[in-house]
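Here is a walk through one protein model, taken a piece at a time. Keep the viewer open and follow along.

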Amino acid sequence: MHFTNEGKMSDRSPTQNQNPLVQEITALRREVAHLKSVKIAFDAQHELLRSLVTMLQTSNGTLMLRGLLQQTLSIARRLTSAEEGSLFLLDESGIVTESILARGATIRAQKQRLIGEVLDKGLAGWVVRNRQVGLISDTLKDERWITLHNQPYQARSALCVPILKGKLLLGVLTLMHSQPAHFTQESARLMLMTAQQMAIILENAELYSKFRQVDQELHHKELHPVEEEATTEDELSKLGIYIMFGDGNFLYVNQRFAEIFGYTFGELISLESVINLVSTNNRDSVARQINQCLQGQLQRLLCRFKGQRKDGKQIDVKISGTRTKLYGKFVIIGALCEVESALVQ
């Protein structure tokens, strides 16, 4: 209840008492604040994507993945002015596969013990179990926080965010500051939105680190693209190798694939779908075959179509691929190459 100017009680809310112009301005301010948060989140995604592309060119495997985790943590600390932070990457069973600890490098046994303690009794464990943001204004007054043995930093406020891809928990990001109440609800909302963008890059990086050898293996095996033809070494150099998953997203393409369509590696893996590379007239049929293959209705992808390069030029291509399940995810692994126009029906 609120009092009017005449001293009588009114059951109207403060918003109802405002004139329409004030309400509109308030709504616009909220929208501007939301759009700023969205931009920050996507800027973080683009920064991570650039880092991923750079690391793929200079490192591989575990080294590449750990470098990307460190970059992810650095971005989160910068966005929230956090002093310290840690990041755990989890598999489908909830087991930590990679981690960056706030205390820095430690021996393996000690690292495993610390991670186990945090996930069992600490804030990160609470976030894993509840799949929601954990915000602590004062660690001295919140039972979810535990102070680790020989902790080399002071943490009086903390923010822990789940990195989710749909219902799958990919990781847990914890940020800390030596002053109480450093992190706010706005910080939590911003980091939750940013974590959604981080999830896309981290999932691709983790899968890519496992699939990196596929390109080499395909080059050392007898390939049977499209019509089961024997493939010579010269023909292999003309093949664009790819790994596709999800809704037709690229997990990996080799340099030749990128050259065929005139894109960079980073641009291709950030495409909404492989269908963006197909001419308008062929999109329905190609999309149908890809979906049928990914869903298991077709074991093998095999088709020819007119592709569309980044510069708008159309090219004739043929693509083949096989559906397989790797590390719990269905993917299509295969090859694509340009063909003479006269060969295309």
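In this predicted model, the charged end of Arg-323 lies over the ring of Phe-330, 3.7 Å from the ring's centre. There is another such arrangement to look up: Arg-144 places its charged end over the ring of Trp-126, at 4.6 Å from the centre.

Phe-330 leads us to strand S12, which spans residues 329-338. Is this strand mostly covered or mostly uncovered? It is mostly covered, with 8 of its 10 residues buried. Strand S12 is joined by 6 bridges to strand S8, residues 240-245, and the two run antiparallel. If you would like one contact to check by eye, take Tyr-242, whose bridge partner in S12 is Gly-334.

Tyr-242 also belongs to another grouping. Which residues share an aromatic cluster with Tyr-242? They are Phe-250, Phe-257 and Phe-261, and together the four form one cluster. The structure as a whole holds 4 aromatic pairs. One of them is made by Phe-250 and Phe-257, with 5.2 Å from centre to centre and 70 degrees between the planes, an edge-to-face arrangement. It is called edge-to-face because the planes are over 60 degrees apart. Phe-250 has a relative accessibility of 1%, so Phe-250 counts as buried. Phe-257 likewise has 1% relative accessibility and therefore counts as buried. The cut-off behind both statements is under 20% relative accessible area.

Now turn to a sheet. Five strands make up an open sheet in the order S4-S3-S7-S6-S5, and their pairing is antiparallel. Which strands form the edges? They are S4 (96-100) and S5 (134-136), each of which pairs on one side only. From one strand to the next, the twist averages 15 degrees. Within this sheet, strand S6 (residues 157-165) and strand S7 (residues 168-177) run antiparallel and are joined by 9 bridges. Among the contacts between them, Lys-165 has Leu-168 in S7 as its bridge partner.

The last stop is a pair of helices. Two packed helices are described by the angle between their axes and the distance between the axes. For helix H4 (residues 108-121) and helix H5 (residues 123-130), the axes come within 5 Å and cross at roughly 55 degrees. H4 and H5 are therefore oblique to each other, since angles of 35 to 65 degrees fall outside the roughly parallel and roughly perpendicular ranges. As for handedness, the crossing of H4 and H5 is right-handed.

Notes
Residues numbered from 1 in each chain as written. Predicted model: local features only at pLDDT ≥ 70, side-chain atom pairs only at ≥ 80, totals over all residues. Heavy atoms only, no water. Buried < 20%, exposed > 50% of the residue type's maximum accessible area, 1.4 Å probe, protein only. Helix = DSSP H or I, 4+ residues; strand = E, 2+ residues; numbered from the N terminus. Pairing = 2+ DSSP bridges. Phe/Tyr/Trp six-rings, centres within 6.5 Å; stacked < 30°, edge-to-face > 60°. Lys NZ or Arg CZ within 6 Å of the ring centre and 35° of its normal. Axes fitted to C-alpha atoms, helices over the stretch in contact; angles between N-to-C directions. Parallel < 35°, antiparallel > 145°, perpendicular 65-115°, else oblique. Left-handed = near helix turned anticlockwise from the far one by under 90°.
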